[in-house]
Amino acid sequence: MRMRVMLTGLIAAATMVMAAPVSEAAPVSAPPLTGLTDALAGRLALADTVAATKWASGAAIDDPAREQVVLDTVSQLAVERDLDPAYVRSVFRDQIEASKTVQRGLFAQWQLPGQTAPPATEDLGPVRTAINEYNVAIVDQLAAARGIVTSLRCPPELVASTSQTLADVGFDALHVAGLLQAESSVCQVGAGSS
C-alpha cells in the first residue's frame, strides 16, 4: 500500500513536470509502457458515455454483476497469456474503480446549477464491446511488459508513459486522477526486483 501511494504521488508529480509539449524537430520513441497507458486511458475515456447513459436511465454507478464478468474474463485472458490472474485482477479492479471515480465526478458536475449531462446512448452494447476490446489490449500490453512491470524500471517507465499518454489525450483533472488510480497496481515491484 505504501508503495502504491508513493507511485501515485510520483506519477502525478512527474506528469505535471513532463507534460510539456515535445519539440517536433526531434522525434522521440515512445516510452515502453505507452501502449499500456494508452489502452488504460482509452478504456477510462469510455466512462463518460457510460455515465451519461446511467444518468439518463437512473441506473446505479456500481454494477457488481458486470464487474464480476469483467474480472472473470480478464483472469481467463491472464491464464492464456501466462500471467498471474491475481495480478491482472488487481489491475482491473483499479481500472473499474477509476471508471466509477470518473462517473461519480461527472454525476457531481451534472448536479451543479447550469450543468447538464451530454446526450445518452440508448444501448451500452457497443460501448461494452469497446470496453472489452480495451480489456484484451490491456492484458496483451501487460503480457508484453511482463519484464518491466516486475522490475525497478517500472515506476519511472510508467511515469514517462503516463506523461506521453496524457500529452496525447488531453484529459481534464478528473480524468487524470482516474488514470492515476487505474495505474495503481501496474508496477509489481517487491523484494528481489532488479
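These legends walk through several close-up views of one predicted protein model.

Some ground rules come before the views. Residue numbers start from 1 along each chain as its sequence is written. Since the model is predicted, local features need pLDDT of at least 70, side-chain atom pairs count only at pLDDT 80 or more, totals for chains, interfaces and linings use all residues, and side-chain values use heavy atoms, with hydrogens and water left out.

**View 1. The whole chain, built from nine helices and zero strands.** Starting at the N terminus, the elements read α-α-α-α-α-α-α-α-α. Helices here are DSSP runs (H or I, at least four residues) and strands are runs of E (at least two), numbered from the N terminus. Of the 194 residues, 44% count as buried; buried means under 20% relative accessible area, exposed means over 50%, and partly exposed is in between (1.4 Å probe, protein chains only). Take the contacts (heavy atoms within 4.5 Å) with a separation of 6 or more: residues 24 or more positions apart account for 87% of them.

**View 2. Confidence along the chain, from helix α1 to helix α2.** The score to look at is pLDDT, the predictor's confidence in each residue, from 0 to 100. Its mean over the protein is 87, and 83% of the residues reach 70 or more. Helix α1 (residues 2–18) has the lowest confidence, with a mean of 45, while helix α2 (residues 34–45) has the highest, at 98. Across residues 1–26 the pLDDT is below 50, though this stretch has 27 contacts in the model beyond near neighbours in sequence. Where pLDDT is low, the predicted coordinates shouldn't be read in detail.

**View 3. A closed space inside the protein, with a volume of about 270 Å³.** Rolling a probe the size of a water molecule over the atoms shows where empty space is left. A cavity is a set of points, on a 1 Å grid over the protein atoms alone, where a 1.4 Å probe fits but cannot get out; lining residues have an atom within 4 Å of a point. Grid points are joined across faces, edges and corners, and the volume is the space filled by probe spheres set on the points. The count comes to one cavity of 30 Å³ or more. Its lining has 17 residues, and Val50, Lys54, Arg66, Ser99 and Gln103 lie nearest the centre. Helices α3 (47–57), α4 (64–80), α5 (85–110) and α6 (125–144) each supply at least two lining residues, with α5 giving the most, at four. By class, the lining has eight nonpolar, two polar and seven charged residues. Ala, Val, Leu, Ile, Met, Phe, Trp, Tyr, Cys and Pro count as nonpolar, Asp, Glu, Lys and Arg as charged, and the others, Gly among them, as polar.

**View 4. Helix α3 and its buried residues.** Ala47, Val50, Ala51, Ala52, Thr53 and Lys54 are buried in this helix, and the buried residues of α3 pack against α2, α5 and α6. After α3 comes Gly58, with a positive phi near 80°.

**View 5. Thr53 in α3 and Asp123 in the loop between α5 and α6.** Thr53 counts as buried because its relative accessibility is 10%. Leaving out residues up to four places away in sequence, Thr53 touches Ala120, Thr121 and Leu124. A polar atom of the Thr53 side chain lies 3.4 Å from the backbone nitrogen of Thr121. Asp123 is partly exposed, at 48% relative accessibility. Asp123 and Thr53 are 70 residues apart along the chain, yet their C-alpha atoms are separated by 8.3 Å. A polar atom of the Asp123 side chain also lies 2.9 Å from the backbone nitrogen of Gly125.

**View 6. Ile61, in the loop between α3 and α4.** With a relative accessible area of 11%, Ile61 is buried. Setting aside residues up to four places away in sequence, Ile61 touches Lys54, Lys100, Gln103, Arg104 and Phe107.

**View 7. Asp82, in the loop between α4 and α5.** Most residues other than glycine have a negative phi. Asp82 has a positive phi of about 60° although it is not a glycine. Asp82 is exposed, with a relative accessible area of 66%.

**View 8. Ala98, in helix α5.** Ala98 counts as buried, since its relative accessibility is 0%. Beyond neighbours within four places in sequence, Ala98 is in contact with Leu44, Gly178, Gln181 and Ala182.

Key:
1 Å grid on protein atoms, 1.4 Å probe; cavity = no way out; pocket = protein on both sides within 12 Å on 5 of 7 lines; lining within 4 Å. Polar contact = N/O pair within 3.5 Å; in protein donor to acceptor, adjacent residues only side chain to side chain.
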